[in-house]
Amino acid sequence: MFGYLAIMNTMKPESRLEKLLVERVTDANLRWQLFEPDERVLIAVSGGKDSMALPELLRLFPISFDLVHVGTDVEPEFMDYCAKVGRFHHVDEDILSQLPGRKNPCYECSKLRRRRILEVAERHGIRTIVLGHHKNDVTETLLLNMIFSREISTMTPKQELFDGAYRIIRPFFTVPENLIESYARERNFPVVKEKCPHSGRTKREMIRELVRNLQHEQKSIDVVDNIYSSMKHIKHDFLPDFSGSDS
């Protein structure tokens, strides 16, 4: 059974924001049973604010963690920080150089990176991999899949792999991006500048800009929260029955 993950007495939140984030992660863990006390997990750190916030926050829980980064040309400050906060594994591999001319480089890049992360987990006997996806990522993926894949689906807070041999968890599943941005400024941990050549030209960024524009026009509502909450309120009586249909 997964126990209640209380904050360790020696590690109290240092601010109201950190306390709020701890409460969000604790609630997610109670709802979806993400990790257990004394468990060892592997945090995938890209260098962005979302993944860098994970070790800062998870240090407040009674678990241990390793960090893994896949990529080359990593800034020394980032490397030093990772080595300081946990057991750090660096996979020095240029994934993008292996994807010339691919139709869907973002998907292929993510797939290869995840494979390398799983290899590190296997070598060190770790079965839980932690990713920094947050509430905005969840809603963007929902819209992406509806528009470009013709399906209603998104990422999940916990995903079993290889018949449960490994699992991916997302402790920030209910945390909006703006709280993580504020936390990054508050904690001042090193954030690596985005170096992907496809940055600014992806379908995800197109969806992100669409949501931002909607929020700008509709200031009286929380657009991200409304899209997220729609997954809790599916009105089956107002959806057509497509059973037996080929399309």
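What percentage of the 247 residues of the chain count as buried? In this predicted model, the figure is 43%, and a view of the whole chain is a sensible place to begin the tour.

**The whole chain**

Colour the chain by secondary structure, and eight helices and six strands should appear. Following the sequence from its start, you pass through them in the pattern α-β-α-β-α-β-α-β-α-β-β-α-α-α. If you then draw the contacts between residues at least 6 apart in sequence, 67% of them join residues at least 24 apart.

**The sheet**

Select the six strands next; they form an open sheet with mixed pairing, in the order 3-2-1-4-6-5. At its edges stand strand 3 (87-91) and strand 5 (158-161), each of which pairs on one side only. From one strand to the next, the twist averages 25 degrees.

Keep strand 1 (residues 40-44) and strand 2 (residues 64-70) in view: they run parallel and are joined by five bridges. Within this pairing, V41 is the residue that stands opposite F65 of strand 2. Now add helix 2 (residues 49-58), which together with strand 1 and strand 2 makes a right-handed β-α-β unit.

Moving from strand 2 to strand 3, you find another parallel pairing, which also extends over five bridges. Here V70 has V91 in strand 3 as its bridge partner. A right-handed β-α-β unit is made by strand 2, helix 3 and strand 3, and if you select helix 3 (residues 76-85), you will see that it lies across strand 2 and strand 3, with its direction at about 140 degrees to strand 3.

Is strand 2 mostly covered or mostly uncovered? A surface display of strand 2 should show that it is mostly covered, with six of its seven residues buried.

**Helix 4 and R116**

Select helix 4 (residues 105-123), which packs on the sheet and touches strand 1, strand 2, strand 3, strand 4 (128-130), strand 5 and strand 6 (166-169). The direction of helix 4 makes about 140 degrees with that of strand 2.

Within helix 4, centre the view on R116. With the cut-off for burial set at under 20% relative accessible area, R116 is buried because its value is 16%. Which residues does R116 touch, leaving aside those up to four places away in sequence? They are V70, V91 and E93, and two of these names, V70 and V91, are the bridge partners already met between strand 2 and strand 3. A distance label drawn from R116 to V70 should read 7.3 Å, C-alpha to C-alpha, although the two residues are 46 apart in sequence.

**Aromatic rings**

A search of the whole structure finds six aromatic pairs. For one of these, select F162 and Y166, whose ring centres are 6.4 Å apart and whose planes stand at 85 degrees, so the pair is edge-to-face. F162 is exposed, with a relative accessible area of 60%, whereas Y166 is buried, with a relative accessible area of 17%.

Then select W32, F173 and Y228, which form one aromatic cluster. Two charged side chains are worth adding to this view. The charged end of R31 sits over the ring of W32, at 5.5 Å from the ring centre, and K135 lies over the face of Y228, at 5.0 Å from the centre of that ring.

**Two loop residues with positive phi**

The last two stops concern the backbone. Select D38, in the loop between helix 1 (16-32) and strand 1, where phi is near 70 degrees, a positive value in a residue other than glycine. D38 is exposed, with a relative accessible area of 71%.

Where is R150, which also has a positive phi, of about 55 degrees, although it is not a glycine? R150 is placed in the loop between helix 5 (135-148) and strand 5. At 80% relative accessibility, R150 counts as exposed.

Note on methods. Residues numbered from 1 in each chain as written. Heavy atoms only, no water. Pairing = 2+ DSSP bridges. Helix = DSSP H or I, 4+ residues; strand = E, 2+ residues; numbered from the N terminus. Axes fitted to C-alpha atoms, helices over the stretch in contact; angles between N-to-C directions. Contact = heavy atoms within 4.5 Å. Buried < 20%, exposed > 50% of the residue type's maximum accessible area, 1.4 Å probe, protein only. Right-handed = clockwise from strand over helix to strand, strands pointing away. Phe/Tyr/Trp six-rings, centres within 6.5 Å; stacked < 30°, edge-to-face > 60°. Lys NZ or Arg CZ within 6 Å of the ring centre and 35° of its normal.
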